[in-house]
Amino acid sequence: QVQLVESGGGLVQPGGSLRLSCAASGSIFSISHMGWYRQAPGKQRELVATITSDGSTNYADSVKGRFTISRDNVNNTVYLQMNSLKPEDTAAYYCNAGIRTMPKRGPLDTWGQGTQVTVSS
């Protein structure tokens with residue numbers, strides 16, 4: 001069994017910053033991609049940022065220049081540094097990772113339970 005546990009969400013004023021963390025635990029052989037998605041009320045879940053095992057990153061246009069994704073491969077953790085936050089960034093943020101539990105098995109697409117980010121004055 002593997003799981004992803006997010007932390008770091010909360011309430012912040014417009015223009016403020018938050019740092020989200022997501023730690024993977026369990027029987028982990030390797031992790032390929034890791035990423036963050038978000039879902040606002042009444043909207044579909046959307047990609048925020050992803051990072052590969054070798055550090056290549058991809059960002060949604062709406063967060064480029066404001067958010068930075070990084071990962072710690074030793075501790076199986078991914079981070080999302082969010083700066084210059086806007087009210088439209090308000091959403092539940094979900095961690096996602098492709099986790100391989102055995103050498104010859106394909107990666108399992110794994111999701112965390114989400115952490116709420118609210119940007120409001």
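Select Cys22 and Cys95 and show their side chains. The link between these two cysteines is left-handed, with -85° about the S-S bond. Keep in mind from here on that the model is predicted. The sulfur of Cys22 and the sulfur of Cys95 are 2.1 Å apart and form a disulfide. With sulfur atoms within 2.5 Å as the criterion, the count comes to 1 disulfide.

Now colour the strands that hold the two cysteines. Cys22 belongs to strand S3, while Cys95 belongs to strand S9 (residues 91–100), so the disulfide ties together parts of the chain that are 73 residues apart in sequence. Switch on a surface and look for the pair: Cys22 is buried, and Cys95 is buried as well.

Stay with strand S3 and select residues 18–26, then add strand S8, residues 77–82. These two strands run antiparallel and are joined by 6 bridges. For one position to centre on, pick Arg19: its bridge partner in S8 is Gln81.

Next, widen the selection to the sheet around this pair. Which strands make up the sheet, and in what order? It is an open sheet of 4 strands, in the order S1-S3-S8-S7, with antiparallel pairing. Select strand S1 (2–7) and strand S7 (67–72) to see the edges. Each of these two has a single partner strand, so one side of each is left without a neighbour in the sheet. Turn the view to look across the strands: the twist averages 15° from one strand to the next.

Now release the selection and show the whole protein chain as a cartoon. How many helices and how many strands does the protein chain have? There are 0 helices and 11 strands. Followed along the sequence, the pattern is β-β-β-β-β-β-β-β-β-β-β. The radius of gyration is 14 Å, close to the 14 Å that the globule rule gives for 121 residues, so the protein chain is as compact as a globular protein of that length.

Reduce the display to C-alpha atoms and align the view with the principal axes. Along those axes, the C-alpha atoms fill a box of roughly 50 × 25 × 25 Å.

Finish with contacts and surface. Taking contacts between residues at least 6 apart in sequence, 56% join residues that are at least 24 apart. Of the 121 residues in the protein chain, 40% count as buried. Coloured by element, the surface shows what the protein chain exposes: about 6600 Å², of which carbon and sulfur atoms supply 47%.

How values were computed: Residues are numbered from 1 along each chain as its sequence is written. This is a predicted model: local features need pLDDT of at least 70, side-chain atom pairs count only at pLDDT 80 or more; totals for chains, interfaces and linings use all residues. Side-chain values use heavy atoms; hydrogens and water are left out. Two strands pair if DSSP finds at least two bridges between them. Axes are lines fitted to C-alpha atoms, for helices over the stretch in contact, and angles run from 0 to 180 degrees between N-to-C directions. Buried means under 20% relative accessible area, exposed over 50%, partly exposed in between (1.4 Å probe, protein chains only). The radius of gyration is taken over C-alpha atoms; the globule rule is 2.2 Å times the number of residues to the power 0.38. Contact means heavy atoms within 4.5 Å. Accessible areas come from the Shrake-Rupley method with a 1.4 Å probe; for residues, only the protein chains shown count as cover.
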